[in-house]
Amino acid sequence: MTHDAAVLKAREIASRVLTPAAEKNDKAGRFSKEAVESLGESGLLGLLLPADFGGSGLGPRAFAAVIATLADADASVAMVYLMHILGTATISAACPRAAQALGPVLKEIGAGRHLSTLAFSEAGSRSHFWAPISRAHRNGDGVRISAKKSWVTSAGHAQSYVVSSLAPEGTGPTDSTLYLLGAGTRGLSVAGPWEGMGLRANASAPIALDDCRVPSDFQLTDDGAGFPAMLNVVLPLFSLGTAAVALGLCRAAVAGTASHLKSAKFEHLGQSLGESLPTLRAQLAAMQIDTDGLSARIDDLIEHLEQPRETTMLRVLETKAAAGDVAISVTSAAMHACGGAAFSKHLSIERLFRDAHAGAVMAPTGDVLREFIGKSLLGMPLF
Ligand SMILES: Cc1cc2nc3c(=O)[nH]c(=O)nc-3n(C[C@H](O)[C@H](O)[C@H](O)COP(=O)(O)OP(=O)(O)OC[C@H]3O[C@@H](n4cnc5c(N)ncnc54)[C@H](O)[C@@H]3O)c2cc1C
């Protein structure tokens, strides 16, 4: 699949499957199985996967474009897709070591029949996902893990979970290892409902791991090498992906606001809101400027990921922090410009506004990223 074909497929799924159901699924907090099925049938679940496993072998540019297209229609589905791509990238990075066990999983992903996700955050260390509280214990040549994973997108719907846990002999708080647990692993269960303010349709529920046995073939990193994998494999794509979700939300907010300003009328004046009020036109313009600014920032990050250089990690941190703020600011401006119609939920703007708040909360949170950037500018250690 080429870049253009991938974007076309995402557009087709967005208009046929996502847009018609987004409002209903948001209201009901319902995970869209149909969306995942369509993404699987279209080949998009294997977007970054090498061709050997049936994937398209595309890179960050196609990834960002597909995510922004999905998020424009339904950010909940875009986040499910993002976490799947991150899970897949982590499994794929581990594959040469455990090819026999992981190869069939990757082939199922390439065939569009397997959804994966990340289970890093724990109740005990909250947003500090780099410091799991749980610890893996040796069990023959594998391990046993018990853990309280506090938020897991696609919980109960994914076929596999990439799980972090302190390495059996790890001595420091970030000495973690990553493992792959199938959904059918004994002791793995969804431990509560998902009732978020935003991204209500992405099943980000807690997961309990109760003495789960993981064979050595399903260990994804060397002992204690989970943290470097989080930083080098997961974080760059997560930052780009969450920024692309934010971009999709901003584009939808601009389009929704423009449509409202054109269609809503002051009948007594014989004008639309947009014709009548220069303040609203200025607000819409500011939203567009911020949205295009975010788009340029995303292009800059893509260039850095395609050709890594000294400033790449700084761009990774900056982009997620900036995108979270832009998404909140643009959707807040949309709420303001569309007034009571947005407030009373007559427009989808209100859903965009709620969904936009998730990006800054998802770890590393905007606060933590600003802390890391500030420390690195001052030459201070980050941890
Ligand atoms: C929709 C959604 C989906 C998610 N999906 C997943 C998933 O699939 N997998 C997964 O592993 N996790 C997932 N998460 C969890 C997420 O990544 C965070 O771990 C979680 O949101 C942290 O929330 P908390 O309130 O417990 O954080 P807390 O750590 O309690 O943070 C509270 C506040 O303190 C601030 N803060 C914390 N530490 C610092 C610091 N050092 N400096 C400055 N400020 C700080 C934070 O920015 C925040 O404002 C998801 C979260 C959401 C909202």
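## Exercises on a predicted model

At 64% relative accessibility, Leu377 counts as exposed. This value, like those below, belongs to a predicted model.

**Exercise 1.** Determine where Leu377 is found and which nonpolar surface patch it helps to make.

*Solution.*
Step 1. Locate the residue: Leu377 is part of helix H11.
Step 2. Classify its accessibility. Exposed means over 50% relative accessible area; Leu377 has 64%, and therefore counts as exposed.
Step 3. Identify the patch. Leu377, Leu378 and Met380 make a nonpolar surface patch of about 350 Å².

**Exercise 2.** Find the peptide bond that joins Ala363 and Pro364, state whether it is cis or trans, and place Pro364 in the chain.

*Solution.*
Step 1. Read the omega angle: for the bond between Ala363 and Pro364, omega is about 0°.
Step 2. Name the geometry: the peptide bond joining Ala363 and Pro364 is cis.
Step 3. Place the proline: Pro364 lies in the loop between helix H10 (349-361) and helix H11 (366-377).

**Exercise 3.** Leu199 and Asp211 have positive phi values. For each residue, state the location and decide whether the residue is buried, partly exposed or exposed.

*Solution.*
Step 1. Begin with Leu199. Its phi is near 45°, a positive value in a residue other than glycine.
Step 2. Locate Leu199: the residue is in the loop between strand E6 (188-190) and strand E7 (205-214).
Step 3. Apply the cut-off. Buried means under 20% relative accessible area; Leu199 has 4% and so counts as buried.
Step 4. Turn to Asp211. This residue is not a glycine, yet its phi is positive, at about 50°.
Step 5. Locate Asp211: its place is in strand E7.
Step 6. Classify Asp211. Because its relative accessibility is 28%, Asp211 counts as partly exposed.

**Exercise 4.** Describe the surroundings of the ligand: which residues come nearest, which polar backbone atoms lie at 2.9 Å or 2.7 Å from its atoms, and how much of its accessible area the protein covers?

*Solution.*
Step 1. List the neighbours. There are 20 residues around the ligand, and those that come nearest are Ser121, Arg126, Ser127, Thr365 and Asp367.
Step 2. Consider the nitrogen contact: a polar backbone atom of Leu118 is 2.9 Å from a nitrogen atom of the ligand.
Step 3. Consider the oxygen contacts. A polar backbone atom of Phe120 is 2.9 Å from an oxygen atom of the ligand, and a polar backbone atom of Ser121 is 2.7 Å from an oxygen atom of the ligand.
Step 4. State the coverage: on its own, the ligand has 980 Å² of accessible area, of which the protein covers 73%.

Technical notes
Residues are numbered from 1 along each chain as its sequence is written. This is a predicted model: local features need pLDDT of at least 70, side-chain atom pairs count only at pLDDT 80 or more; totals for chains, interfaces and linings use all residues. Side-chain values use heavy atoms; hydrogens and water are left out. Helices (H or I, at least four residues) and strands (E, at least two) are DSSP runs, numbered from the N terminus. Buried means under 20% relative accessible area, exposed over 50%, partly exposed in between (1.4 Å probe, protein chains only). Patches are made of residues with over 30% relative accessible area and no salt bridge: like charges are joined within 9 Å, nonpolar side chains (Val, Leu, Ile, Met, Phe, Trp, Tyr) within 5 Å. Accessible areas come from the Shrake-Rupley method with a 1.4 Å probe; for residues, only the protein chains shown count as cover. A salt bridge is a side-chain nitrogen of Lys or Arg within 4 Å of a carboxyl oxygen of Asp or Glu. A residue is near a molecule or strand if one of its heavy atoms lies within 4 Å of it. A polar contact is a pair of N or O atoms within 3.5 Å; within protein, one must be able to donate a hydrogen and the other to accept it, and residues adjacent in sequence count only if both atoms are side-chain atoms.
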